[in-house]
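Welcome, and please take a moment to look over the chain before reading on. The paragraphs below walk through it step by step.

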Amino acid sequence: MDLEIPVYEQGYLDGLCGVYSIINATRLLVKNISEEESMQLFKKCLTHVERKKSLSHVITDGISRTELMSILKDIVTADYPIISKFPFRGVRNIGVQDFFGEIRAFLNEKGTRAVIVGFDCRDWDHWTVVKSVSPKRVTLFDSAMMKTINISNCMLEKKTKAKQYKFSVNETFFLLTK
């Protein structure tokens, strides 16, 4: 009996969403990046993280907030006309509406902007890029092909339902062009 099993898609077994979020945010901010230049940035990101831990660990477990911050500082802002900010560093007791309101305000300011955020849902952690925020919805530029998340399904504390997304305010990076 031949049972049909689902095929794994690229990304299902790896934890490279953090690296992809950096590349995708850079592509949004610097419009003329070629595929070849994106590949070079991908390689630089992996080489940078590999200096501190094994590549197999990076591929299977992903990158931390500290590693993402280091890549932004040492590679992205050094090689591209991009400024990175960490607006919620040390912030506690912010509500979901205020959190997304701050992101919306930042993205609506003059200039080209993107936001990298970390969240967890169900049994996986994920890094993604926020393109815009409306009063009800977050629009993503995402390596896992997620398009939108309803804010009503978001939280900043413990998840209480399986389909909720727990965002980490300390894993939020504001990026803008110089």
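What follows goes from the overall fold to the cores and then to a few single residues.

Keep in mind from the start that this is a predicted model. A good way in is to ask how many helices and strands make up the secondary structure of the chain. There are five helices and seven strands. Reading from the N terminus, the elements come in the order α-α-α-α-β-α-β-β-β-β-β-β. The chain is as compact as a globular protein of its length, because its radius of gyration of 17 Å is close to the 16 Å that the globule rule gives for 178 residues. If you turn the model along its principal axes, the C-alpha trace spans about 55 × 40 × 30 Å.

Next, consider how the chain packs against itself. Among contacts with a separation of 6 or more, 61% join residues 24 or more positions apart. Of the 178 residues, 44% count as buried. The surface that the chain exposes comes to about 10800 Å², and carbon and sulfur atoms supply 50% of it. As for charge, the chain carries 26 positive and 21 negative side chains. The centres of these two sets lie 8 Å apart.

Now look inside. In soluble globular proteins, nonpolar side chains tend to be buried together. In this model the largest nonpolar core has 31 residues, and those touching the most other members are V19, I22, I63, L68, I71 and I116. Which elements give two or more residues to this core? They are the helices α1 (17-29), α2 (35-50) and α4 (65-79), together with the strands β2 (113-121), β3 (124-133) and β7 (165-177). Helix α1 gives the most, with seven residues. There is also a second, separate core of 26 residues, which includes F99, L107, V138 and L176.

I116 is a helpful place to see how the largest core is joined up. Setting aside neighbours within four places in sequence, I116 is in contact with S21, I22, A25 and L68, among others. The contacts of I116 also include W127, T128 and V129, as well as E171, T172, F173 and L175.

Helix α2 offers two more residues to visit. One of them, C45, sits in this helix and is buried, with a relative accessible area of 0%. Beyond its neighbours within four places in sequence, C45 is in contact with V19, I22, I71 and I75. V19, I22 and I71 appeared above among the residues that touch the most other members of the largest core. C45 and S70 are 25 residues apart along the chain, and their C-alpha atoms are separated by 9.6 Å. The other residue, S38, also has its place in helix α2. Is S38 buried or exposed? With a relative accessible area of 13%, S38 is buried, since buried means under 20%. Leaving out residues up to four places away in sequence, S38 touches I23, R27 and I33.

Moving along the chain, you reach V96 in helix α5. Where do the contacts of V96 lead? Not counting residues up to four places away in sequence, V96 touches I151, C154, M155 and L156. The C-alpha atoms of V96 and S152 are separated by 9.0 Å, although these residues are 56 apart along the chain. M155, one of the residues that V96 touches, lies in strand β6 (residues 154-155). M155 is buried, with a relative accessible area of 12%. From M155 to H57 the C-alpha distance is 29 Å, and the two are 98 residues apart in sequence.

The last stop is the backbone. Most residues other than glycine have a negative phi. Two loop residues in this model are worth a look with that in mind. N93 has a positive phi of about 60 degrees although it is not a glycine. N93 is found in the loop between β1 (82-85) and α5 (96-108), and at 81% relative accessibility it counts as exposed. M145, another residue other than glycine, has a positive phi near 65 degrees. M145 lies in the loop between β4 (137-141) and β5 (148-150). Its relative accessibility is 60%, so M145 counts as exposed.

Technical notes. Residues numbered from 1 in each chain as written. Predicted model: local features only at pLDDT ≥ 70, side-chain atom pairs only at ≥ 80, totals over all residues. Heavy atoms only, no water. Helix = DSSP H or I, 4+ residues; strand = E, 2+ residues; numbered from the N terminus. Rg over C-alpha atoms; globule rule 2.2 N^0.38 Å. Buried < 20%, exposed > 50% of the residue type's maximum accessible area, 1.4 Å probe, protein only. Contact = heavy atoms within 4.5 Å. Areas by Shrake-Rupley, 256 points an atom, 1.4 Å probe, with all protein chains shown as cover. Lys, Arg positive; Asp, Glu negative; His and termini not counted. Charge placed at Lys NZ, Arg CZ, Asp CG, Glu CD. Core = buried A, V, L, I, M, F, W, Y, C linked by side-chain atoms within 4.5 Å.
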